[in-house]
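Here is a short note for a student who is reading a structure for the first time. Please keep the sequence and the 3D view open while going through the points.

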Amino acid sequence: QVQLVESGGGLVQAGGSLRLSCAASGLAFSSYTMGWFRQAPGKEREFVAAISRSGGNTYYADSVKGRFTISRDTAKNTVHLQMNSLKPVDTAVYYCAASRKFPYYGISSHLDSDYDYWGQGTQVTASS
């Protein structure tokens with residue numbers, strides 16, 4: 001049974017930082033592209049960041065580029081999202097996701113329909 005369990009969310013003042021983690025089990029972690037998505041109240045879920053199976057290629061939404069960093073630890077089957085300079089607009093539930101669609105080195109799209117497995121989500125709130 002595949003499980004993705006997020007942690008690290010919380011309440012932070014604007015300008016602060018949080019580090020999200022996603023622990024994966026029940027799957028061959030190195031065979032999966034990993035991504036983070038978020039959903040704010042009243043809005044559709046949107047892509048935030050993704051990392052290739054190799055770990056050598058990362059992708060970011062324009063809204064978080066330069067502030068967020070995605071990484072993966074293959075030895076621990078974990079993916080992280082370091083979020084710096086948080087803004088109130090970053091407030092959302094953040095979801096970890098895993099995809100078998102993409103090859104080892106690249107990611108060709110950032111649709112939530114590309115992903116096979118999802119975590120339960122963790123709330124991030126950046127207050128002004």
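The points below deal with a predicted model and go through its charged pairs, its disulfide, some of its strands and its aromatic rings.

1. Salt bridges in general. Side chains of opposite charge can pair when their charged atoms come close. In this model the count comes to 6 salt bridges. Three of them are described in the next points, and a network is described after them.

2. R38 and D90. These two residues form a salt bridge in which the closest N and O atoms are 2.9 Å apart. The pair connects distant parts of the chain: R38 belongs to strand β4 (residues 33-39), while D90 sits in the loop between β8 (78-83) and β9 (92-99), 52 residues apart. Is this pair made of buried or exposed residues? R38 has a relative accessible area of 5%, and because buried means under 20%, R38 is buried. D90 has a relative accessibility of 0%, so D90 counts as buried by that cut-off as well.

3. R45 and D112. Here the closest N and O atoms of the salt bridge are 3.4 Å apart. R45 is in the loop between β4 and β5 (46-51) and D112 is in the loop between β9 and β10 (117-118), so the salt bridge ties together parts that are 67 residues apart in sequence. R45 has a relative accessible area of 31% and is partly exposed. D112, at 30% relative accessibility, also counts as partly exposed.

4. D62 and K65. The side chains of D62 and K65 meet in a salt bridge, with 3.1 Å from N to O. Is D62 buried or exposed? D62 has a relative accessibility of 67%, and because the cut-off for exposed is over 50%, D62 counts as exposed.

5. The network. Some salt bridges share partners, and R38, E46, R67 and D90 are joined in this way into one network. The pair of R38 and D90 from point 2 is therefore worth viewing together with E46 and R67.

6. The disulfide. How many disulfides does a search of the whole structure find? The search finds 1 disulfide. The disulfide joins C22 to C96, with an S to S distance of 2.1 Å. The angle about the S-S bond is -75°, and the link of C22 and C96 is left-handed. C22 lies in strand β3 (residues 18-25) and C96 in strand β9, so the link ties together parts that are 74 residues apart in sequence. C22 is buried, at a relative accessible area of 0%. C96 is buried too, with a relative accessible area of 0%.

7. Strand β8 and its partners. Most of β8 is covered, as 5 of its 6 residues are buried. β8 pairs with β3 in the antiparallel sense over 6 bridges, and A23 stands opposite T78 in β8. β8 also pairs in the antiparallel sense with strand β7 (residues 68-73), over 6 bridges. In that pairing T69 stands opposite Q82 in β8. The hairpin of β7 and β8 has 4 residues between the strands, and N77 takes a positive phi near 50° there.

8. Aromatic pairs. The structure holds 7 aromatic pairs. Why is the pair of F37 and F47 called edge-to-face? The ring centres of F37 and F47 are 5.8 Å apart and the planes stand at 75°; planes over 60 degrees apart count as edge-to-face, so this pair is edge-to-face. F37 is in strand β4 and F47 in strand β5, so the pair ties together parts that are 10 residues apart in sequence. F37 has 1% relative accessibility and counts as buried. F47 is buried as well, with a relative accessible area of 14%.

9. The ring cluster and R45. Ring pairs link F37, F47, F102, Y115 and W118 into a cluster. The charged end of R45 sits over the ring of W118, at 3.8 Å from its centre. R45 also lies over the face of Y95, at 5.7 Å from the ring centre. R45 is thus a residue to look at twice, since R45 also forms the salt bridge with D112 described in point 3.

Technical notes:
Residues numbered from 1 in each chain as written. Predicted model: local features only at pLDDT ≥ 70, side-chain atom pairs only at ≥ 80, totals over all residues. Heavy atoms only, no water. Salt bridge = Lys/Arg side-chain N within 4 Å of Asp/Glu carboxyl O. Helix = DSSP H or I, 4+ residues; strand = E, 2+ residues; numbered from the N terminus. Buried < 20%, exposed > 50% of the residue type's maximum accessible area, 1.4 Å probe, protein only. Disulfide = S-S within 2.5 Å. Pairing = 2+ DSSP bridges. Phe/Tyr/Trp six-rings, centres within 6.5 Å; stacked < 30°, edge-to-face > 60°. Lys NZ or Arg CZ within 6 Å of the ring centre and 35° of its normal.
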